[in-house]
Amino acid sequence: MTADKLVYMFEEGDRTMKVLLGGKGANLAEMTNTGLPVPYGFTITTQVCKDYYANGQKHSPLLDEQMMHAVKKLESKTGKKFGDTTNPLLVSVRSGAPASMPGMMDTILNLGMNDAVVATIVESTKNERFAFDSYRRFITMFGNVVMEMRHSAFEEIMDEIKHKNHIKLDTEMTTEMLKEMVEMQKVMYKKETGEDFPQDPIEQLKRARDAVFRSWMTDRAIVYRRLNHISPEWGTAVNVQEMVFGNTGEDSGTGVAFTRNPSTGENKFYGEFLMNAQGEDVVAGIRTPKKVEELGNVLPKVYEQLVDIRAKLEEHYKDMQDFEFTIEHEKLYMLQTRNGKRTAHAAVKIAVDMEQEKLITKEEAVLRVDPSSLDQLLHKQFDLKLLKEAKVLTSGLPASPGAAVGKVVFNAADAKMMAEKGEKVILSRLETSPEDIEGMHSSVGILTARGGMTSHAAVVARGMGKCCVSGCDELTMNEKEKMFTCNGTVVKEGDIISLDGSTGKVYVGAIPVVEPTLSGDFATLMSWADGFRTLKVRTNADTPKDADIARKFGAEGIGLVRTEHMFFEATRIKAVREMILAKDLEGRKKALAKIEPYQKEDFEGIFSAMNGLPVIIRMLDPPLHEFLPNHEQKKEIEELSNELKVTPKEIQETITSLHEFNPMLGFRGCRLAVVYPEIMEMQVRAIFNAAISVSAKGVKALPEIEIPIVGNIKEYSMLADLTHRVAIETGAKGKIHYTVGTMIEVPRAALTADLLAKNAEFMSFGTNDLTQMTCGFSRDDAGKFLVPYVEKGIYSRDPFQSIDQEGVGLLMKHAVTLARGVNPNIDIGICGEHGGDPESVEFCHRIGLSNVSCSPYRVPIARLAAAHAAIKEKQKKK
Ligand code: PEP
Ligand code: MG
């Protein structure tokens, strides 16, 4: 579909038009209409980008027509003209997608520059150096972005001139040198592209525009979108805006600021600037910038105006803003604003503070914090006592908080490779660039020698929730030799260092870390969230320790105890193997009797940790071969043979007999209990006896016995009967409040949920198996093709991480309707990995589940996601 209006002047848009105008375009429009000083410009919509790709990288003829119309308007507003020899118009051409993708796409500055215009600018500014500096920057950007010439090729020209003239810094380049550079660049341009550098500004504009659209599909943009779940369908807008210059002399400058501290959330103006600098100089981390307060000493009036704008922006957007500004001859311009990326720590503080400042409501505060970002707050932190005793190697800027301990690597490729081998790595660079994005993602922490708090490394690390220390200027980084030196210490690839992203300190060696706690603003926000949510949150825990952690994080019960994990412990595996190798019922019972006391002890521990809260205990689930060695483990077989007095041949035969082509669809779950009821009897007996024994000590045990892999009501009924019989035999009946329920993991169970719900007292979706069996993807092998599947957009996310709502979700919804039709109050939960995924939690709320269960560290995430779901539903109804 092609919309009619493809180009919007800034004054025609507003902030609600993000999808069409991109975030940058929508906010430039909003600021323009709020009366803030924004240079004039227009936005080419994201629809144009979508159509461009849909039509084989071609535009509708309407586009050029509308763009030319906008150019005319821009010329009349600014009183300048493209290519004019008295008052030439120069513009910036920037990308701007609906979701912020910092540094991932391309920008071209100073467009409109050509041989005639540069001469005019020399004349009008009386600043020849500035004019030629602007021209050479434009040729570099145009050559690199539009013609895909190597950036380093342009740097080589600069280095050659510097070398010839015995100078080191860019700022030492004289006008003559810059002029020579422009000439050399043009020669190289012609040599590499076969054409002269284009002199017509309109041609420059069209080609720059299309290059920005193409940058939507660069590898780094694709990777960034994948990591941040941004749809490739959205497309980017292109913003064309009158240039203002921060590099016209010492009364000009450029900066980036946040209305509050994006790292800690503190309500303090926070930013950085550079005088006599252009465009991306601050963000690129090439020169270390100054703190924004210092602008008060340099240009006090401009600083005052900036402080005033800070207040206006927060009042208007009611959120922390991240904005860019440029000062041209003491006049301030706003170049962009957006909701600032922040650490989870800052997000929580800002949300709670803003509620207290009456800027936002409690509901809004809860919605302000992205549930998945809480992961950062739930990571381990340095042990403060040991941290004090540790020797600091050096300090940099505390760019993104957290505690990172890992092996140093010096490039993104090594980071990725080592992380894939399971190593924890810290990516250490002079400065990072967008190419490093995947390596940064693979690292536990990032360390840079250069760059400020708004450098690429800092911004991206905060967005990823990664610990980052930037601007460690005492470090001498040698990326080629894979080492750095600092105050006499040499650190090489593979050496372990520790980073404290909250203080900016760097340590050699590993500093021990401790469990995080839920307190302060975090606890306040979570209590607000609990006030909104209706979904209960439980945890998947197999040990009293995990149960305890989850309870501290607010778990309201256990949604899944996987009992098989207990069978693997060294003290029991022998008896388990004895049971499997036993030739008859008697032999199996003898072996099971050895396991039973351990099982009872396990359950006593868990009931005590969860005192008063319900605990779902699942009966043995995996296929039995998982407990035996495999054919190749000759030594283990030998040992087993000696211990159990069974011949190695017999063991080999049992291994062979248990072999299955599809073990996950095989002899597992309730099928084991149907064939060997004595196994489940032992487990149930251990549960009831444990409950009775802890009750005697005043602990309230609430066991919920769960039968896995059920597909047929008869399987369920048979095993529920077994449970009730054991309850009578152990004396638990009437004494212990217990329930019996089923997992819904097999599509047949979902399709017959009404039959199951007549008998079962609770149900829990095992979405790991349900996804496997519904999509037909082996959960153990699908990794090989799911990454390309997601990249190609066949599934928007890995269905084992986030519920496939269209397929598996539909089945779940159907099962809930069937079950509630016969048993309206039946408790229905979810305990697959999806129980800790915010999107899936919201889905579970929408289809009316009673609870979600996830790993202990994800409990706060699920609590917040459940609150988001409830608030959004309420808002929708209004
Ligand atoms: C499931 O299948 O979703 C589940 C929780 O069980 P498991 O992962 O142990 O198979
Ligand atoms: Mg399962």
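## A guided tour, starting at Arg-572

Select Arg-572 and show what surrounds it: leaving aside residues up to four places away in sequence, it touches Met-566, Phe-567, Tyr-598 and Asp-602. Bear in mind as you look around that this is a predicted model. Colour helix H22, residues 570-581, and you will find Arg-572 within it. Is this arginine buried or exposed? Its relative accessibility is 5%, so Arg-572 counts as buried.

**Zoom out to the whole chain**

Now show the full cartoon. The chain holds 35 helices and 31 strands. Turn the C-alpha trace along its principal axes and it spans about 105 × 65 × 50 Å. For 878 residues, a compact globule would have a radius of gyration near 29 Å, and the chain's value of 32 Å agrees with that.

Switch on the surface next. About 36,900 Å² is exposed, and carbon and sulfur atoms supply 52% of this area. Of the 878 residues, 56% are buried. If you colour by charge, you will be looking at 110 positive and 123 negative charges, whose mean positions lie 3 Å apart. Contacts tell you how the chain folds back on itself: among those between residues at least 6 apart in sequence, 69% join residues at least 24 apart.

**Select the magnesium ion**

Pick ligand 2, the magnesium ion. Which protein residues act as its donors? They are Glu-745, through OE, and Asp-769, through OD, and they lie 2.0 Å from the ion. The two come from distant parts of the chain, 24 residues apart. Glu-745 sits in the loop between strand S28 (739-744) and helix H29 (747-751), whereas Asp-769 belongs to helix H31 (residues 767-775). Hide the surface to see them well, as both Glu-745 and Asp-769 are buried.

**Go to Gly-235**

Next, select Gly-235, in the loop between helix H9 (219-227) and strand S5. With a relative accessibility of 2%, Gly-235 counts as buried. Show its neighbours as sticks: beyond residues up to four places away in sequence, Gly-235 touches Thr-46, Cys-49, Ala-97, Pro-98 and Trp-216. For a sense of scale, draw a distance from Gly-235 to Ala-750, 515 residues away along the chain; their C-alpha atoms are separated by 39 Å.

**Follow S5 to Val-244**

Step along to Val-244, which is found in the loop between strand S5 (237-242) and strand S6 (253-258). Val-244 counts as buried because its relative accessibility is 8%. What does it touch, not counting residues up to four places away in sequence? Look for Pro-39, Thr-326, Glu-328, Tyr-333 and Leu-335. Then draw another distance, from Val-244 to Leu-535: C-alpha to C-alpha it is 52 Å, with the two positions 291 residues apart in sequence numbering.

**Last stop: helix H34**

Finally, select residues 838-846, which form helix H34. This helix is mostly covered, with seven of its nine residues buried. Show the side chains of those buried residues: Pro-838, Ser-840, Val-841, Glu-842, Phe-843, Cys-844 and His-845. What do they pack against? Colour these partners separately: helix H33 (808-822), strand S30 (827-830), strand S31 (851-854) and helix H35 (859-877). Before you leave, click on Gly-848, which follows H34 and has a positive phi, near 85 degrees.

Technical notes: Residues numbered from 1 in each chain as written. Chains lettered and ligands numbered in written order. Predicted model: local features only at pLDDT ≥ 70, side-chain atom pairs only at ≥ 80, totals over all residues. Heavy atoms only, no water. Donors = N, O, S within 2.8 Å, 3.2 Å for Na, K, Ca; no water. Helix = DSSP H or I, 4+ residues; strand = E, 2+ residues; numbered from the N terminus. Buried < 20%, exposed > 50% of the residue type's maximum accessible area, 1.4 Å probe, protein only. Rg over C-alpha atoms; globule rule 2.2 N^0.38 Å. Contact = heavy atoms within 4.5 Å. Areas by Shrake-Rupley, 256 points an atom, 1.4 Å probe, with all protein chains shown as cover. Lys, Arg positive; Asp, Glu negative; His and termini not counted. Charge placed at Lys NZ, Arg CZ, Asp CG, Glu CD.
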